[in-house]
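Here is a set of short exercises to work through at your own pace. Keep the sequence and the model open beside you, try each task, and then follow the solution.

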Amino acid sequence: PVMFAIAAGDAPTVAAQSPAVPGTQGASDAPAAVAPAPLSRDAAFLAAFSGYEPIYLAAGPREDWNAKFQVSFKFRFFNDEAGLARRFHFLEHLYLGYTQTSLWDLGSPSSPFRDTSYKPRLFYSNPESWQMRDFPLRIGFEGGLGHESNGRGGSESRSINTLYARPALVIGAPGNWQWTFAPTLVDYVNADNNPDISDYRGYVDLYSSLGKADSWQLAAMLRKGQAGRWTSQFDLTYPLRSVALGNLNGYLLFQFFDGWGESILDYNQRFPAQYRLGLMFVR
């Protein structure tokens, strides 16, 4: 099979210059105006999308082999180069986010997915709400409306709606070692399918990370339920380019999880601690 695609190029097009007429006003050697070229379909699509939460695939044994993978991205509603976003700056920070996390039971017959969480979000995000002038310190903010469910029915149905706010403190210059502290404060708007979920998840997720773009990064999430139940996850990553002479993308991932509800189906269940090894694409 052969396919041909015809689309507008991304390179700017120079408008044709009319020959100057002697004695007429405006005749000069000034260069012609450059007309902005329209973005191609692929470029226009990618310009509005970016990574959101970490994207990874990791596997490890507990009783049997299992895997966990996550995909996540966000879409920016307004073009920050257009007039409306330049006039009302908050518009350029409005996003639609989507994260999907799945647990894959590799040890069972036919290797089914044990559970999948679907997490769309509508939110405001500005990673540089305030920045210190003479010191590499900045404060960001994210907040909005979130939903999480597993798409099942009957007794296995799980669903929550939340309002959340996530301030973030970052110390360190880009490209150097950086420390981030970003707690997430949650209010459950609707949790009819699992009204006691706050006993296991609580109202605050504590997130912190220490790392460098071309070196190690350790990220930690800690959570305490209302009934004193603790949950933790640690992700240790290292760029593969540093160990493969620049040939491989992504990061080597070592993940540790211990606590309650690794998926929303098991929000009130505690299993033995889980170790996994895998590949992280966006950290």
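**Exercise 1. Place Pro-112 and decide how open it is to solvent.**

Step 1. Pro-112 has a relative accessible area of 34%, so it counts as partly exposed. The cut-offs are these: buried is under 20% relative accessible area, exposed is over 50%, and partly exposed is in between, with a 1.4 Å probe and protein chains only.

Step 2. Before going on, note that this is a predicted model, where local features need pLDDT of at least 70, side-chain atom pairs count only at pLDDT 80 or more, and totals for chains, interfaces and linings use all residues. Residues are numbered from 1 along each chain as its sequence is written, and side-chain values use heavy atoms, with hydrogens and water left out.

Step 3. Now find the element: Pro-112 sits in the loop between strand 6 and strand 7. Helices (H or I, at least four residues) and strands (E, at least two) are DSSP runs, numbered from the N terminus.

Step 4. List the neighbours. Leaving aside residues up to four places away in sequence, Pro-112 touches Trp-104 and Asp-105; a contact means heavy atoms within 4.5 Å.

Step 5. Finally, take a distance. From C-alpha to C-alpha, Pro-112 and Asn-66 are 10.0 Å apart, with their positions 46 residues apart in sequence.

**Exercise 2. Look at the backbone of Ser-110 and Ser-111.**

Step 1. Both serines belong to the loop of Exercise 1: Ser-110 lies between strand 6 and strand 7, and so does Ser-111.

Step 2. Check phi. Ser-110 has a positive value near 70 degrees, although the residue is not glycine. For Ser-111, also not a glycine, phi is positive at about 50 degrees.

Step 3. Compare with the accessibility cut-offs. Ser-110 is exposed because its relative accessible area is 71%, while Ser-111 is partly exposed because its value is 27%.

**Exercise 3. How do strand 6, strand 7 and strand 8 pair?**

Step 1. Strand 6 and strand 7 are antiparallel partners joined by eleven bridges. Two strands pair if DSSP finds at least two bridges between them. In this pairing, Tyr-98 has Pro-120 of strand 7 as its bridge partner.

Step 2. Strand 7 also pairs with strand 8 (residues 137-149), antiparallel and over nine bridges. Here Phe-123 stands opposite Gly-144 in strand 8.

Step 3. Trace the connection: a hairpin of five residues leads from strand 7 to strand 8.

**Exercise 4. Is Ser-125 buried or exposed?**

Step 1. Ser-125 is in strand 7 (residues 113-131).

Step 2. Its relative accessible area is 12%, so Ser-125 is buried.

Step 3. See what surrounds the residue. Not counting residues up to four places away in sequence, Ser-125 touches His-93, Tyr-95, Phe-141 and Glu-142.

Step 4. A general point helps when you inspect a strand: in a regular strand the side chains alternate between the two faces of the sheet.

**Exercise 5. Describe Phe-90.**

Step 1. Phe-90 is in the loop between helix 2 (83-87) and strand 6.

Step 2. Its relative accessibility is 46%, so Phe-90 counts as partly exposed.

Step 3. Phe-90 and Asn-126 are 36 residues apart in sequence and 8.7 Å apart in space, C-alpha to C-alpha.

**Exercise 6. Which strands join strand 11 by bridges?**

Step 1. Strand 9 (residues 159-171) runs antiparallel to strand 11 (residues 184-190), with five bridges between them. Leu-163 has Asp-187 in strand 11 as its bridge partner.

Step 2. Strand 12 (residues 204-211) pairs with strand 11 in the antiparallel sense too, over two bridges. Thr-184 has Asp-205 in strand 12 as its bridge partner.

**Exercise 7. Step back to the whole protein.**

Step 1. Count the elements: the protein has three helices and 16 strands.

Step 2. Of the 283 residues, 36% are buried.

Step 3. Turn to the contacts with a separation of 6 or more: residues 24 or more positions apart account for 50% of them.
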